[in-house]
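The following paragraphs lead the reader through a structural model, from its cysteines to the packing of its helices. Please keep the sequence and the coordinates at hand.

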Amino acid sequence: MRFKSITVRNYRVHREVTVPLDPMLNVIGGPNEAGKSTLLEAARYALFLRARGGGETQRSMHSLTHPGGHPEVEIEFEIAGTDYRLAKRFSGASGTAVLTQAGGSTWQAEEAEEKLSALLGVEIISGRGAGEKVEQQWAHLLVSQGRSGSSPVEYANAQRDQLFTRLQSLGGAAVMQSETDAAVAGRFRDLVEEWFTKNGEPRVGSDFGRADIAVKQAEEAATQAAAQLRKLEEAAQQHQQAEAVLASAKPELERLRSELQAVTQQLSRVKELQQRQSTQQTAVLHAATTHENLQKGESEIEQLRTQVAQLREAMTPREQALATLKARVEETQKLAQDRESERHKLDATLREARLRADAARTQMEWLEKSQALEALRQRMEQVRTLAARQKEEEQALARLPQVDAAKLKSLRKLETDWMQADAALQAMATGIEVLASDQPIHLGGTPLAPGETRVVSSDAELGIGSGVKLRIHPGGGSSLVQAQQRREKARAALQDDLDQSGLDSVQAAVEVATQRQLKEGGIGALKAQLDGLGAGKIGRELAAAEQEEARVLAELERRRAACSDLPTVADLAGARALTATTGATLRELEIQETTLKGVLDASSRAAREAATQHDRQHQAHQAEKDQLTTREAQLAQMVKMHGDDAERTARLQEALTHRREFEEQLARTQRELTALQPDLLAGDELRLKRSIKIKDEAVSQAAIDQGASLQILRSEGTLDPHAAMAVADARLTEARRQREHARRRSQAVQLLHELFQEEQSSLARQFTQPLAEKVSGYLQCLFGPETTVQVKLGADNKFEGLEIVRPDRQSGALGFDVLSGGAREQVAAALRLAMAEVLAAGQPDKCLPLVFDDAFAYSDPGRVRTLQRMLDLAATRGLQVIVLTCNPADYATLGAREFRLPEPTRTASVPLAPIESTST
């Protein structure tokens, strides 16, 4: 199959566009939102979606920028050297589908859908979820935007049956495994599944699993025997160690207790010194606090004297600034009052101008509404006329006999049956020709003269002279009768069918069917005209327009009452001129208002700023006065509380002397305490007590160990532990030998299973080799002549993925998932091209189309140019390649037929009108 052209009308962003297509290479370019993907979607819906249907899918096709018509799609394509034209109009339940064969038949409605399904070899979709189902049709050939980088293996599995058929025809059938091989491989697979888990571990119930359990049991018995032997040996050793500990513990304990007593005496002296130190620290702290408080009071008195002097010096310039600011406030307030008077005068003039401008604008709006209302009334008259014509045509159609394509087909079949029966009867009849006779001849009682010929189709008597009589039986007698009956039965059936339809002949039925088709076409055209005039909503529009015109007229009358000097105009041009004049006057006054408002705002702002500055300076002056009073009161209070200068100096010197005496006493106590090292003494005490405790615990534990070991030796030393150990080792050796035998047998079965799996993988590689070679051929255009590809086939004969080997990379075979975004796009495109090439070989014309919708978004311009070698190779191998791109300049070297969609029209979106039925 090859596309020749695609036309869309009233479809989303497209009003009408036709894209002609080359049989080999095509590039369709256009900016974002120009409708490239929309074009691909329209082609998909035309090929795979039934025309009659509604729902969200049908509503999504409607144009937001060009409302008023139903979405239409036309596709011209070629299959097996025959051209076809498909036209679909998606208008809900009244949708149409027409399929025309060049120089041949035309199919309509359901027949067109069925014929299209047969040509494409796919199901034509309808019903709930149709949009998602359409996406699955030809998903391996139509690469939608955003899906080019996903693995195409899922599409290969969707086409697996067709691919397997083609691959077998290319030599794959020769490498399919035999039934015996499959049975043997299955036997080893069953044994592996029976003996091993999925992780490769032996199952408990297998021979190896049972032998492994026996080894573990023997190992446990040997471990227990060894543990018993070690237990007895450890008990004897423990008894000896306990006796040695008890003998050495007594002298060590006496020495430790003597050292602890000496440390305790030194700690008592440390405690006495620490109590004295605490008392002396309190005295030092009290003396230091008294001295520091006296120093702080002296410092505060000096600071207050300085602050009082500074405040008195700063108040003089502040009082001068206050006088100047007061005069400025009075001046700015007078200027602001003058501007306010001017604004009140301008407000009155501006109000009158606004009333005139509003009245003139309302008068112009009323004339516009009246003009629009008259246009709607004229369109309403057109709708009524067309509706009457439609009703007449429908009545004329109802008067015609009900002869559609199926009825006409049935009549023609009955006519053919009757003609065939009549021809068969004529073939059985007998012809008699008299060449010469000397006797009179009679046939069925009628004379037959020399040279005369007569056809006998039923039994007749032939008389020659007076003495010879012959009976003629044409066609063998009974066969002729049957032929006559068949002819009469066929004629009667044809006549009954004609009588039921009220027709005289089959030719009359053909004429009636033609008349009905013409009538139906005319009715459809009238419906389209009514739809174009908005017949379903013209009444509501007219009523709304009349109501709106009355509302504006009432508003005009109210405004004229408020503005009696407004001139009356009779036409829309005069109203618009008056509106412009009053508007210009209003704008001039508004400009004056804005200017005056700015001057007034500036005057008011200057007055407020002057008052603010005056208030700020006054507040600052008052704050300074308050602060001076506060500081003077504080200074007097401090002198009263601490005394005059002489008294304060004497008390300060006395406090310093007491502080120094107490600090010296504290220093002497601290030196004596430091010499005793109290921290170390506390550590020594803890260390010696800990040592005594540990030694006491060791003596107790040694006594316990001595008794316990003696009990073990007396109770469990009755049997020979070395003999029991020897028996357990022998049993363990035998169990390990049995397990090794079972392990070797299990590994042998596992190895055979792996060998059969490797051989099956090898057969799978040979089966998929034709497809892999084609993919490699395409990728060699990108990555070099040494690039190879392996198509992985699973055990259930499903495609699992690709592995690519590139000689310019040292990373070995690479899976599809580890490739970069651009490389995934390129490899996916190569596999799609290879699949299309393999499947195309099974098509009547050896061709399939492949569409790429912005499929190389992650490929840089250099790699896109290299990709063109791959696309060109696909075209030379018989595929039709169509590329949709935002950057057609990137494909300038492809040598393709280029078509550019125009820049999208930017208009405000409008809501879709509900689809209204026009059927009666």
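Cys847 has a relative accessibility of 0% and is therefore classed as buried (under 20% relative accessible area, with exposed meaning over 50% and partly exposed in between, using a 1.4 Å probe and protein chains only). Cys886, at 24%, is partly exposed. Across the whole structure, the search for disulfides (pairs of cysteine sulfur atoms within 2.5 Å) returns 0.

This is a predicted model, in which local features need pLDDT of at least 70 and side-chain atom pairs count only at pLDDT 80 or more, while totals for chains, interfaces and linings use all residues. Residues are numbered from 1 along each chain as its sequence is written, and side-chain values use heavy atoms, with hydrogens and water left out.

The protein has 920 residues, of which 35% are buried. Its secondary structure comprises 19 helices and 20 strands (DSSP runs numbered from the N terminus, helices being H or I with at least four residues and strands E with at least two). Of the contacts (heavy atoms within 4.5 Å) with a separation of 6 or more, 74% join residues 24 or more positions apart.

Two packed helices are described by the angle between their axes and the distance between the axes. Here axes are lines fitted to C-alpha atoms, for helices over the stretch in contact, and angles run from 0 to 180 degrees between N-to-C directions. Helix α8 (residues 207-399) packs with helix α11 (residues 506-532) at about 160°, the axes being 10 Å apart. The two are therefore roughly antiparallel, a class for angles over 145 degrees, whereas those under 35 are roughly parallel, 65 to 115 roughly perpendicular and the rest oblique. Their crossing is left-handed, that is, the near helix is turned anticlockwise from the far one by less than a right angle (clockwise for right-handed). On the α8 side the contact includes Val383, Leu386 and Arg389, and on the α11 side Arg516, Ile523 and Leu530 are among the residues met. By class, this contact has 8 nonpolar (Ala, Val, Leu, Ile, Met, Phe, Trp, Tyr, Cys and Pro), 7 charged (Asp, Glu, Lys and Arg) and 2 polar residues (the others, Gly among them).

Helix α8 also packs with helix α14 (residues 645-675), their axes coming within 8 Å and crossing at roughly 155°. These helices are therefore roughly antiparallel, and α8 passes α14 in a left-handed crossing. The residues of their contact divide into 14 nonpolar, 11 polar and 11 charged. Asn293 lies in α8 and, at 46% relative accessibility, is partly exposed. The C-alpha atoms of Asn293 and Leu652 are separated by 9.4 Å, although the two residues are 359 residues apart along the chain.
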